[in-house]
Amino acid sequence: MRRLELDMRWQAPDDFAKHLRRAPTPAENLMWQLVRNRQRCQAKFRRQHKLGPYISEFFCPEAKLVIECDGLPHFTPAGIERDRIRSQWLNRLGIDVIRFNSHEIENDTQRLPFSLYVVLIRLPTQDAPPHTPPPPPPP
């Protein structure tokens with residue numbers, strides 16, 4: 001989730017979300033390639049979607065799930081606290097938040113599809129057709 005106060009002051013949230021969609025990080029780009037077009041468990045994801053005062057990187061309304069790609073700023077004490085507050089706010093709306101480390105997304109591309117499958121298979125989706133699991137990751 002991105003909520004950059006400096007940028008948000010001079011841009012409307014919808015415009016800021018458009019800006020983020022046009023300039024994804026490498027990790028966000030890789031994640032989008034995995035979740036777009038209902039490729040995972042028929043779950044439809046929206047990219048850089050506004051949820052209240054926040055912009056989620058990937059949101060699946062059917063599963064009530066937000067996927068975040070956390071880079072270095074998320075691992076500072078301030079970043080950890082902001083993420084905790086944001087996750088609590090989303091959880092109160094019934095939305096689950098899953099976080100992936102950007103470094104892992106970029107460097108462990110064989111394991112990522114399986115990790116996504118494990119998360120998505122346990123979440124309810126509306127009218128999802130049967131799906132087959134991806135092969136397990138290599139040892």
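**Entry 1: helix α6**

I began with α6, where I found Leu112, Pro113, Leu116, Tyr117, Val119 and Leu120 to be buried. These residues span an arc of only 165° around the axis, which places them on the same side of α6. I note the general point that an α-helix has 3.6 residues a turn, so residues three or four places apart point the same way. I then looked up the partners of this buried set and found that the residues pack against α3, β3, β4 and α5. I record here that the model is a predicted one.

I also looked up Val118, which lies in helix α6. Its relative accessible area is 41%; exposed would require over 50% and buried under 20%, so I entered Val118 as partly exposed. I checked Val118 against Cys41: the two stand 77 residues apart along the chain, and their C-alpha atoms are separated by 9.9 Å.

**Entry 2: the chain as a whole**

I counted 6 helices and 4 strands in the protein. Along the sequence, I read their order as α-α-α-β-β-β-α-β-α-α. The protein has 139 residues, of which 38% count as buried. I took the contacts with a separation of 6 or more and found that 59% of them are accounted for by residues 24 or more positions apart.

**Entry 3: helix α3**

I turned next to α3, which covers residues 26-35, and listed its buried residues as Ala27, Glu28, Met31, Trp32, Leu34 and Val35. Their arc around the axis is only 160°, which puts them on the same side of α3. I traced the packing of these buried residues to the strands β1 (46-51), β2 (54-60), β3 (65-70) and β4 (96-101), and to the helices α5 (102-107) and α6 (112-121).

**Entry 4: α3 against α6**

I examined this helix pair separately. The axes of α3 and α6 are 11 Å apart, and the helices pack at an angle of about 60°. I therefore entered α3 as oblique to α6. The crossing in which α3 passes α6 is right-handed. I identified the residues that make the contact as Met31, Leu34 and Val35 from α3, with Leu112, Pro113 and Leu116 from α6. By class, the residues of this contact comprise 6 nonpolar, no polar and no charged.

**Entry 5: positive phi values**

I kept in mind that most residues other than glycine have a negative phi. Which backbone value did I find just after α3? There, Asn37 takes a positive phi of about 55°. I placed Asn37 in the loop between α3 and β1. With a relative accessible area of 59%, above the 50% cut-off, Asn37 is exposed.

I noted Gln48 as well, which is not a glycine yet has a positive phi of about 50°. Gln48 belongs to strand β1. Is Gln48 buried or exposed? Its relative accessible area is 2%, so I entered Gln48 as buried.

**Entry 6: Ser87**

I closed with Ser87, located in helix α4, which runs over residues 77-92. At 14% relative accessibility, below the 20% cut-off, Ser87 counts as buried. Leaving aside residues up to four places away in sequence, I found that Ser87 touches Val97 and Arg99.

Key: Residues are numbered from 1 along each chain as its sequence is written. This is a predicted model: local features need pLDDT of at least 70, side-chain atom pairs count only at pLDDT 80 or more; totals for chains, interfaces and linings use all residues. Side-chain values use heavy atoms; hydrogens and water are left out. Helices (H or I, at least four residues) and strands (E, at least two) are DSSP runs, numbered from the N terminus. Buried means under 20% relative accessible area, exposed over 50%, partly exposed in between (1.4 Å probe, protein chains only). Contact means heavy atoms within 4.5 Å. The arc is that of the directions from the helix axis to the C-beta atoms. Axes are lines fitted to C-alpha atoms, for helices over the stretch in contact, and angles run from 0 to 180 degrees between N-to-C directions. Angles under 35 degrees count as roughly parallel, over 145 as roughly antiparallel, 65 to 115 as roughly perpendicular and the rest as oblique. A crossing is left-handed if the near helix is turned anticlockwise from the far one by less than a right angle, and right-handed if clockwise. Ala, Val, Leu, Ile, Met, Phe, Trp, Tyr, Cys and Pro count as nonpolar, Asp, Glu, Lys and Arg as charged, and the others, Gly among them, as polar.
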